[in-house]
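Student: I'd like a close look at one part of this model, namely the salt bridges and the helices around them. Could you walk me through it in one go?

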Amino acid sequence: MLDTTDSRPAGPHALDLLIDEARRQSEICNACRYCEGYCSVFPALHRQRAFADADLTQLANLCHNCRGCYYACQYTAPHEFDLNLPQALGNLRQATWEHYAWPGALGRAFHRAPSAVVALTVGAFIALMAIAAVLRPASGEGFYAVMSHGLMVAIFAPAFLMPLGALGVALWRYWRDSGAGALSWRDWMAAGRLAATMRNLGGGHGDGCNFEDADRFTPNRRWAHQLTMWGFMLCFASTSTGTLMHYGLDWPAPYAWYTLPKLFGVTGGVMLCIGTAWLARLKRQSDPALGEQGVRGGQVAFIWLLFAVSATGLALYAATGTALVPVLLPVHLATVFALFVLTPYSKMAHGFFRMLALAIEARQQRTG
């Protein structure tokens, strides 16, 4: 087992030091080329003769941290080159997320004290729920008997739109610094195919990666990520169809079990529960020295926050029509609120950055 202490430098020049280390290791990898074809990182790496800072940031965000290149490398410690490309790119990737985040202090705070940040966010929602209790509607059906529809919109519209705006600023900064230029629909389609299939977690041979076990390749991480991603997308589809039915069809909740909001929500919730629990198990089995340093607690906290969103949602569905609804509804909404507010600063942002990085890579391949 490698040294698991936080190897990330601190201070005003920390990002420059991480870029320098990523450049050193990338130049050695470019000379060796043994790992050519492993994932999207290496075609992009091998196109370069020299690496600008933006090139290295792009490589870092293309990396899925499958670790296959590390276990195949002949230049890892105790070799004098001491290569650990997954860690070097992981440290730089984390630093760029924090660098581009707006406001940046929130990104750093989440990963330095994740439990405190989540607790503070949930506590803020509990305070809102105390106000909601005072403003509780005199009548209503289903969840609206506990919290009015208008109050839900007043709370969750800003909680969704403001973080989305902050994330948009971060992604714009990343795209601007990449110098990639305008991205076409073909670039986004290529990125979408890679993201939907998680092909980069299949390894160059297609047998998966050895993220949790250095001695064998498995598809476990790819499957767990797909369950998590598609489960989340189905939950989002549940909310979207419910919104459409409410405002477009004048068909307010509650909805029957056979309607799209329920079918999408229950299926997505089950998939999300399984996927996140599986990811947490794989994270625990993996070698922490091969990933981003100093942020493991924040990554695990984010996984369990996603699990809590899906688990409390399923529990709320099962308790529909019982006396448990007034208890479970605030708990579920608190986890959803925390997820929305923390999206630009938690590991949730990685999906957006990686999608953009894949689109930029598709453009660079297309234009040569």
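Tutor: Here is a walk through the salt bridges first, then a helix pair, then some backbone oddities.

A word on the ground rules: this is a predicted model, so local features need pLDDT of at least 70, side-chain atom pairs count only at pLDDT 80 or more, and totals for chains, interfaces and linings use all residues. Residues are numbered from 1 along each chain as its sequence is written, and side-chain values use heavy atoms, with hydrogens and water left out.

Let's start with the charges. Side chains of opposite charge can pair when their charged atoms come close. The structure holds 7 salt bridges, a salt bridge being a side-chain nitrogen of Lys or Arg within 4 Å of a carboxyl oxygen of Asp or Glu.

Pick out Arg 23, which has a salt bridge to Asp 20 with the closest N and O atoms 3.3 Å apart. Both residues sit in helix α1, which covers residues 14–32, and they are 3 residues apart, about one turn of the helix. (Helices here are DSSP runs of H or I with at least four residues, strands are runs of E with at least two, and both are numbered from the N terminus.) Arg 23 also pairs with Asp 53, at 2.6 Å from N to O. Asp 53 belongs to helix α3 (residues 53–62) and Arg 23 to helix α1, so this pair ties together parts that are 30 residues apart in sequence. Put together, Asp 20, Arg 23 and Asp 53 form a linked network of salt bridges.

How buried or exposed are these three? Arg 23 counts as buried because its relative accessibility is 19%, and the cut-offs are under 20% relative accessible area for buried, over 50% for exposed, and partly exposed in between, using a 1.4 Å probe and protein chains only. Asp 20, at 43%, counts as partly exposed, and so does Asp 53, at 39%.

Now for another salt bridge, the one between Arg 47 and Glu 361, at 2.8 Å from N to O. This pair links distant parts of the chain, 314 residues apart: Arg 47 is in the loop between α2 (41–46) and α3, while Glu 361 is in helix α14 (residues 349–367). Arg 47 is partly exposed, with a relative accessible area of 34%, whereas Glu 361 is buried, at 3%.

Glu 361 leads us to the helix pair. Two packed helices are described by the angle between their axes and the distance between the axes. The axes of α3 and α14 come within 8 Å and cross at roughly 120 degrees; such axes are lines fitted to C-alpha atoms, for helices over the stretch in contact, with angles running from 0 to 180 degrees between N-to-C directions. The two helices are therefore oblique to each other, since angles under 35 degrees count as roughly parallel, over 145 as roughly antiparallel, 65 to 115 as roughly perpendicular, and the rest as oblique. 

Which residues meet there, with contact meaning heavy atoms within 4.5 Å? From α3 come Gln 58, Asn 61 and Leu 62, and from α14 come Phe 353, Arg 354, Ala 357, Leu 358, Ile 360 and Glu 361. By type, the residues of this contact divide into 5 nonpolar, 2 polar and 2 charged. (Nonpolar covers Ala, Val, Leu, Ile, Met, Phe, Trp, Tyr, Cys and Pro; charged covers Asp, Glu, Lys and Arg; the others, Gly among them, are polar.)

Last, the backbone. Most residues other than glycine have a negative phi, and most peptide bonds are trans. Arg 33 is not a glycine, yet it has a positive phi of about 65 degrees. You'll find Arg 33 in the loop between α1 and α2, where it counts as partly exposed at 32% relative accessibility. Arg 67 also has a positive phi, near 80 degrees. Arg 67 is placed in the loop between α3 and α4, and at 2% relative accessibility it counts as buried.

As for cis peptide bonds, one joins Ala 77 and Pro 78, with omega about 15 degrees. Pro 78 lies in the loop between α4 (68–72) and α5 (85–100). Trp 102 and Pro 103 are also joined by a cis peptide bond, with omega about -10 degrees, and Pro 103 is in the loop between α5 and α6 (104–112).

Notes
Contact means heavy atoms within 4.5 Å.
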